[in-house]
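Reader: I have the sequence and the coordinates open. I want the reasoning behind the labels, step by step.
Author: Ask away.

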Amino acid sequence: MAKDASQSEVSSVVSHLIDFLNVSPTAFHAVDEAKKQLRSAGYSQVSEREDWKLEAGKKYFFTRNHSTIVAFAIGKKYVAGNGFHMVGAHTDSPCLKLKPVTKVAKGGYLEVGVQTYGGGLWHTWFDRDLAVAGRVIIREEKDGAVSYSHHLVRIEEPIMRIPTLAIHLDRDVNDGFKANTQSHLLPVLATSIKADLSKVVSENGGVESGAQTDKKEADKRIVTNISKHHMLLLQLLASQIGCKPDDICDFELQACDTQPSIIAGATKEFIFSGRLDNLCMSFCSLKALIDSTSSESSLEDETGVRLVALFDHEEVGSNSAQGAGSPVMLDSLSRITDSFGPDSKLLEKAIQRSFLVSADMAHALHPNYMDKHEDNHQPKMHGGLVIKHNANQRYATNAVTSFIFKEIAAKHKLPVQEFVVRNDMPCGSTIGPILASGVGIRTVDVGAPQLSMHSIREMCAVDDVKHSYEHFKAYFQEFSHLDAKITVDV
């Protein structure tokens with residue numbers, strides 16, 4: 001019976017992850033889904049533009065740019081100067097983002113101009129059925145007043161494809177395929193002939209208006225738009241949003257794979273999906289926070305603040321207004337602390353009592369490239385969260401932070417693994433060192449093991465999703481008690 005219950009829990013957590021992945025083609029959509037889950041769990045939204053009136057025992061969240069989200073639950077026994085126990089992850093993944101001017105026409109084809117975002121495995125984007133998703137800035141007019149708002153948009157059906165060149169025209173391709181990202185990586189949207197058939201409808205579709213003046217303004221806007229983008233693309237977006245093409249002022253869009261995330265493998269032990277790096281860790285940390293604060297008594301004895309921060313722009317260095325390199329984390333800690341005590345020295349004390357789990361997916365041992373891993377550090381699928389170490393501080397883990405995370409695992413009988421990159425290979429990095437050095441928080445870098453990182457289609461193990469969720473949940477519930485037993489700087 002216990003085994004059946006455990007399997008049921010695995011299925012539930014993994015099923016919810018699959019749902020989360022399938023409704024989150026972009027960072028904007030991931031944050032939108034996170035907002036829905038937090039609201040359903042009793043979290044109240046606060047705005048960075050307003051004063052905060054926080055109460056102990058209550059739960060809150062805010063967003064920045066709608067691509068970064070911070071959620072926190074304040075313990076009933078919290079007082080200003082007490083610590084924060086946090087998990088940080090990121091909402092973005094390598095992808096192809098549409099350029100400010102996307103209109104490309106050559107050889108009788110309409111193509112869409114894109115730019116590479118992050119360090120993607122770009123060859124995996126060829127011959128995939130692609131859609132478009134992101135956010136659009138819309139002009140809205142009501143009772144003579146004009147306003148502007150952002151709308152999330154997702155075209156789910158495949159509308160684009162990046163075709164490979166036939167081997168007959170490139171006989172040496174199997175000796176090493178290397179695409180030119182400027183000239184070879186353009187998705188085909190349509191042929192010019194088919195697009196011309198709807199040209200009259202396209203040109204008339206965006207300029208209908210009651211007054212002649214309004215018509216001239218609409219004409220001007222649509223001319224500006226179609227000088228930058230194919231009318232066919234604008235029509236598809238407008239149809240999805242429910243507006244006219246000339247109401248589209250600007251957008252941030254990206255190409256998306258249309259193949260859904262699934263549980264797969266001969267024994268159904270894997271997840272095949274895009275964006276596992278890092279929506280898997282984002283989901284597990286968010287669910288752990290929500291479930292660790294779900295009951296009336298969850299925060300009864302909590303003296304600290306439980307917090308999850310999901311940042312944008314990790315894949316490109318985190319240096320943005322909503323990245324981990326911005327003040328968003330420090331702003332969060334400062335505003336929460338100040339709500340309970342105005343003394344600035346209390347924040348300094350709180351930071352030294354705080355702890356961050358930097359959660360970003362890890363490299364599992366690849367059976368076809370085993371020489372790429374150091375012999376004594378080979379993370380395996382189903383082996384639990386991987387603690388990442390690097391003497392040169394590419395990861396922020398040290399002996400104290402590693403011990404704390406392993407101690408929680410031991411108490412809950414959760415598996416844990418350790419990783420060090422080979423000395424003859426460069427080491428990647430995470431938001432861990434950025435936040436550890438920028439804010440001064442004790443940090444451990446961890447992640448669930450996966451294969452095909454930064455491919456359009458990645459894979460991880462279902463068991464590691466459950467291990468990650470349970471480890472983060474246990475961390476939220478137990479850190480305050482464990483930290484009180486540890487002595488370092490005395």
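Reader: What makes E7 and E8 a hairpin, and which residue in the turn has a positive phi?
Author: Two residues lie between E7 and E8, and together the strands form a hairpin. Asp143 sits in the turn, with a positive phi of about 55°. Keep in mind that this is a predicted model.

Reader: How do you know that E7 and E8 pair, and in which sense?
Author: Pairing needs at least two bridges between the strands. Strand E7 (residues 130-142) and strand E8 (residues 145-160) have 12 bridges, so they pair. The sense is antiparallel. One of the bridge partners is easy to find: Lys142 has Ala145 in E8 opposite.

Reader: What is the strand order in the sheet?
Author: The order is E8-E7-E10-E5-E6-E9. That is six strands in an open sheet, with antiparallel pairing.

Reader: Why are E8 and E9 said to stand at the edges?
Author: E8 and strand E9 (188-191) each have a single partner strand, so one side of each is left without a neighbour in the sheet. From one strand to the next, the twist averages 30°.

Reader: How do you know that E5 and E10 pair?
Author: Strand E5 (residues 95-106) and strand E10 (residues 248-257) are joined by two bridges. The cut-off is at least two, so the pair counts. E5 and E10 run antiparallel. Leu96 stands opposite Ala255 in E10.

Reader: Which strands does helix H2 touch?
Author: Helix H2 (residues 27-40) touches E7, E8 and E10 as it packs on the sheet. The direction of H2 makes about 110° with that of E8. Helix H6 (residues 231-241) also packs on the sheet, touching E5, E7, E8, E9 and E10. For H6, the angle with the direction of E8 is about 110°.

Reader: Why is Thr26 called buried?
Author: Thr26 has a relative accessible area of 4%. Buried means under 20%, so Thr26 qualifies. The residue lies in the loop between helix H1 (2-22) and H2. Leaving aside residues up to four places away in sequence, Thr26 touches Ala133, Gly134, Gln254 and Cys256.

Reader: What makes the approach of Thr26 to Phe28 a polar contact?
Author: A polar atom of the Thr26 side chain lies 3.3 Å from the backbone nitrogen of Phe28. The limit for such a contact is 3.5 Å, and this distance is within it.

Reader: Is His230 buried or exposed?
Author: His230 is buried, because its relative accessible area of 4% is under 20%. His230 lies in the loop between helix H5 (212-228) and H6. Beyond residues up to four places away in sequence, its contacts include Lys103, Val104, Ala105 and Leu189.

Reader: Why does Asn278 count as buried?
Author: Its relative accessibility is 0%, under the 20% limit, so Asn278 is buried. Asn278 is found in helix H7 (residues 276-292). Its side chain reaches the backbone oxygen of Ala359 at 2.9 Å. Among the residues Asn278 touches, not counting those up to four places away in sequence, are His90, Asp92 and Met361.

Reader: Why are H7 and H12 called oblique?
Author: H7 and helix H12 (residues 462-483) pack at an angle of about 45°. Roughly parallel needs under 35 degrees, and roughly perpendicular needs 65 to 115, so H7 and H12 are oblique. Their axes are 8 Å apart. The crossing is right-handed.

Reader: Why are H8 and H9 called oblique?
Author: Helix H8 (residues 328-340) and helix H9 (residues 345-352) make an angle of about 120°, with axes 10 Å apart. Roughly perpendicular ends at 115 and roughly antiparallel means over 145, so H8 and H9 are oblique. The contact includes Leu330 and Leu333 of H8 and Leu346 and Ile351 of H9.

Reader: What makes H10 and H12 roughly perpendicular?
Author: Helix H10 (residues 399-411) and H12 pack at about 110°. That value falls in the range 65 to 115, so the pair counts as roughly perpendicular. The axes are 10 Å apart, and H10 passes H12 in a right-handed crossing.

Notes. Residues numbered from 1 in each chain as written. Predicted model: local features only at pLDDT ≥ 70, side-chain atom pairs only at ≥ 80, totals over all residues. Heavy atoms only, no water. Helix = DSSP H or I, 4+ residues; strand = E, 2+ residues; numbered from the N terminus. Axes fitted to C-alpha atoms, helices over the stretch in contact; angles between N-to-C directions. Contact = heavy atoms within 4.5 Å. Buried < 20%, exposed > 50% of the residue type's maximum accessible area, 1.4 Å probe, protein only. Polar contact = N/O pair within 3.5 Å; in protein donor to acceptor, adjacent residues only side chain to side chain. Left-handed = near helix turned anticlockwise from the far one by under 90°.
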